[in-house]
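Let's take a walk through this protein together, from one buried side chain out to the overall fold. Have the structure open and turn it as you read.

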Amino acid sequence: MRKALLSAISAFVFCIVTSAFSQTEVMVRSESMNKDVPVTVITPDSYSEGLSFPVVYLLHGFSDDHRKWAADGHVGRLSDQHDVIVVMPDGGYSSWYFDSPVMPEYKYETFVSEELISYIDGNYRTIPDRKARAVTGNSMGGHGALYLAIRHQDIFGSAGAMSGGVDIRPFPKNWHISKRLGTIEEHPEYWEENTVINMTHLLSPGSLNIIFDCGTDDFFYEVNCNLHKKLLQEKIPHDFTSRPGRHNWPYWFNSIKFQFLFFCETAFSSL
């Protein structure tokens, strides 16, 4: 018993010693929104060796903030495991990562795809190439990741979503989306133009490495299956996985491991 306990303690200490990523919080200026936006940045232990690294931009869900993925997703260990920088911007309580057509002060598309990229490339040793940038997220952040990557394929080479709101139209009364786009009755065109499932025409085979997944007990399961079917019809290569799970952190904690592996094996390994 004593020997087993000592072995367990030794293994635990070994994990602590070998997981030496660095986590910091920075304030990134957004001129488009006239404010400073908090961002959590994780660099791997190997960052001290003076090399340059690919970056995974990781977007949080509705009502969360820039600290949530580090706290509940424990992505620091993935930064160390895969030698990547992880950048987690604060997307506001309910931005949906749009440049809102009805609220000029909400320009989170511009912030993430332009201002944040410029700051990270200017202040960290990144590989400043679309092939070395991936963006993913959960729920609202899953919508945001695919939305931004599809619209900015010159910036991002890979994109993912976990339980993403990839079609917002079936949810006109939920999660403050109407505050960012106007109501679906008043501005149906905004809802049609800004939902991920209607953007697949912007893709071509191989233009973007895509991975997304959703739990079978998730309220976004049907819209994710619909996106999968549409991409198949349009012959856009992608990885889609459905497995038992709900819209919660136990599911995302498992899912993020596969997404990092996909990005590293599909895109980053050739850098």
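**Starting from a buried leucine**

Leu-227 has a relative accessibility of 3%, so it counts as buried. Bear in mind as you look around that this is a predicted model. You will find Leu-227 in helix α8. Setting aside residues up to four places away in sequence, Leu-227 touches Leu-146, Val-166, Val-196, Ile-197, Thr-200 and Phe-212. One of these partners is worth picking out: Thr-200 is 27 residues from Leu-227 in sequence, and the two C-alpha atoms are 8.8 Å apart in space.

Now widen the view to the helix itself. The 13 residues of α8 should span 18 Å at 1.5 Å a residue, and its end C-alpha atoms are 19 Å apart, which agrees. Along with Leu-227, the buried residues of α8 are Val-223, Asn-224, Cys-225 and Leu-231. Why might some of these positions look the same way? An α-helix has 3.6 residues a turn, so residues three or four places apart point the same way. The buried residues of α8 pack against α5, β7 and β8 (239-243). Just after α8, look for Lys-235, which takes a positive phi of about 60°.

Next, follow the packing across to α5. This helix has 12 residues and reaches 16 Å from its first C-alpha to its last, close to the 16 Å expected at 1.5 Å a residue. How many of its residues are buried? The count is 11 of 12, so α5 is mostly covered. The buried ones include Met-140, His-143, Leu-146, Tyr-147 and Ile-150, and also the glycines Gly-141, Gly-142 and Gly-144. The cover over the buried residues of α5 includes β3 (55-59), α4 (108-123), β5, β6 (158-162), β7 (209-215) and α8 (221-233).

Helix α5 also leads us to the nonpolar interior. The largest nonpolar core has 58 residues, and Tyr-57, Val-87 and Leu-116 are those with the most contacts inside it. Helix α5 (residues 140-151) supplies the largest share of this core, seven residues. A second, separate core has 23 residues, among them Tyr-251, Ile-256, Phe-262 and Ala-267. To get a feel for the packing, centre your view on Leu-116: apart from residues up to four places away in sequence, Leu-116 touches Val-28, Val-39, Tyr-57, Val-87, Pro-89 and Phe-111.

Polar residues can be found under cover too. Arg-133 lies in strand β5 (residues 133-137). Is this arginine buried or exposed? With a relative accessibility of 7%, Arg-133 counts as buried because the cut-off is under 20%. Its side chain is joined to that of Asp-121 by a polar contact of 2.7 Å. Beyond residues up to four places away in sequence, the residues that Arg-133 touches include Val-55, Tyr-57, Ile-117, Pro-128, Phe-156 and Phe-268, as well as Asp-121.

Ser-207 offers another polar example, in the loop between α7 (188-193) and β7. Its relative accessible area is 16%, so Ser-207 is buried. The side chain of Ser-207 reaches the backbone oxygen of Ser-204 at 2.9 Å. Leaving aside neighbours within four places in sequence, Ser-207 is in contact with Arg-130 and Gln-153.

For a contrast, move to Ser-269, in the segment after α9 (249-266). Ser-269 has a relative accessible area of 52%, so this serine is exposed. The C-alpha atoms of Ser-269 and Ile-184 are separated by 43 Å, and the two residues are 85 residues apart along the chain.

Finally, step back to the whole protein. It has nine helices and eight strands. The radius of gyration is 19 Å, close to the 18 Å that the globule rule gives for 271 residues, so the protein is as compact as a globular protein of that length. The C-alpha trace spans about 65 × 40 × 35 Å along its principal axes. Of the 271 residues, 52% count as buried. Among contacts with a separation of 6 or more, 74% come from residues 24 or more positions apart. The accessible surface comes to about 12,000 Å², and 54% of it belongs to carbon and sulfur atoms.

Methods. Residues numbered from 1 in each chain as written. Predicted model: local features only at pLDDT ≥ 70, side-chain atom pairs only at ≥ 80, totals over all residues. Heavy atoms only, no water. Core = buried A, V, L, I, M, F, W, Y, C linked by side-chain atoms within 4.5 Å. Buried < 20%, exposed > 50% of the residue type's maximum accessible area, 1.4 Å probe, protein only. Helix = DSSP H or I, 4+ residues; strand = E, 2+ residues; numbered from the N terminus. Contact = heavy atoms within 4.5 Å. Polar contact = N/O pair within 3.5 Å; in protein donor to acceptor, adjacent residues only side chain to side chain. Expected span 1.5 Å × (residues − 1). Rg over C-alpha atoms; globule rule 2.2 N^0.38 Å. Areas by Shrake-Rupley, 256 points an atom, 1.4 Å probe, with all protein chains shown as cover.
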